[in-house]
Amino acid sequence: MFFSILAAMAEFEADLTRARTREGVAIAKEQGRMTGRKPKLTALQHERLLEDYEAGKYGAAKLMELYGLSRSAMYAALTRARQQRDTTIDARSRTRR
């Protein structure tokens, strides 16, 4: 019985700790202190990577070497660059109407 009471108190304390942690993380996110890892490439590097890849100037292996990226990071960067380019094109076409 004594151990059951101790276990219940420990579980209660763990729940309080989890709740406080969730609250602290939510507050930090609201204040912009938890933004995640900084991107390895700048916006300009993303554009150049995409241009070089689509022009066929360099192959995937050479681009990975030049920019210091892994294969998955390079393809993720290409995807982000395409999305950025597409949103920029869409924004420009909306303003021209």
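These legends go with close-up views of a predicted model.

**View 1. The largest pocket and its lining.** Let's start with the open space: the largest pocket has a volume of about 250 Å³. Two elements, α2 (43–55) and α4 (71–96), each give two or more residues to its lining. Helix α4 supplies the largest share, with 6 residues. The full lining consists of Ala-43, His-46, Glu-47, Leu-50, Glu-51, Arg-80, Ala-81, Gln-84, Arg-85, Thr-88 and Arg-92. Sorted by class, this lining holds 5 charged, 3 polar and 3 nonpolar residues.

**View 2. His-46, a lining residue of the largest pocket.** Here we zoom in on helix α2, where His-46 is found. His-46 has a relative accessible area of 12%, so this residue counts as buried, the cut-off being under 20%. Leaving aside residues up to four places away in sequence, His-46 touches Leu-41, Ala-77, Arg-80 and Ala-81. Among these partners, Arg-80 and Ala-81 also belong to the lining of the largest pocket, while Leu-41, Ala-77 and Ala-81 are part of the largest nonpolar core.

**View 3. The largest nonpolar core.** This core brings together 12 residues: Leu-41, Leu-49, Leu-50, Ala-60, Leu-63, Met-64, Tyr-67, Leu-69, Met-74, Ala-77, Leu-78 and Ala-81. The elements that contribute two or more residues to this core are α2, α3 (60–67) and α4. Leu-50 and Ala-81 are worth finding in this view, since the two core residues also appear in the lining of the largest pocket.

**View 4. The two sides of helix α3.** Now for a helix with a clear pattern. The buried residues of α3 are Ala-60, Leu-63, Met-64 and Tyr-67. Looking down the axis of α3, these buried residues fall within an arc of 100 degrees, so they line one face of the helix. The face turned away from this buried side carries Ala-61 and Glu-65, which are exposed. Within the buried set, Ala-60 touches Arg-71, Met-74 and Tyr-75, not counting residues up to four places away in sequence. Just after α3 comes Gly-68, which takes a positive phi of about 65 degrees.

**View 5. Met-34 in the loop between α1 and α2.** Our last stop is a loop residue: Met-34 sits between α1 (2–30) and α2. Met-34 is partly exposed, with a relative accessible area of 43%. Its contacts, not counting residues up to four places away in sequence, are Val-25, Ala-28 and Lys-29.

Conventions
Residues numbered from 1 in each chain as written. Predicted model: local features only at pLDDT ≥ 70, side-chain atom pairs only at ≥ 80, totals over all residues. Heavy atoms only, no water. 1 Å grid on protein atoms, 1.4 Å probe; cavity = no way out; pocket = protein on both sides within 12 Å on 5 of 7 lines; lining within 4 Å. Points joined across faces, edges and corners; volume = space filled by probe spheres on them. Helix = DSSP H or I, 4+ residues; strand = E, 2+ residues; numbered from the N terminus. Nonpolar A, V, L, I, M, F, W, Y, C, P; charged D, E, K, R; others polar. Core = buried A, V, L, I, M, F, W, Y, C linked by side-chain atoms within 4.5 Å. Buried < 20%, exposed > 50% of the residue type's maximum accessible area, 1.4 Å probe, protein only. Contact = heavy atoms within 4.5 Å. Arc of directions from axis to C-beta.
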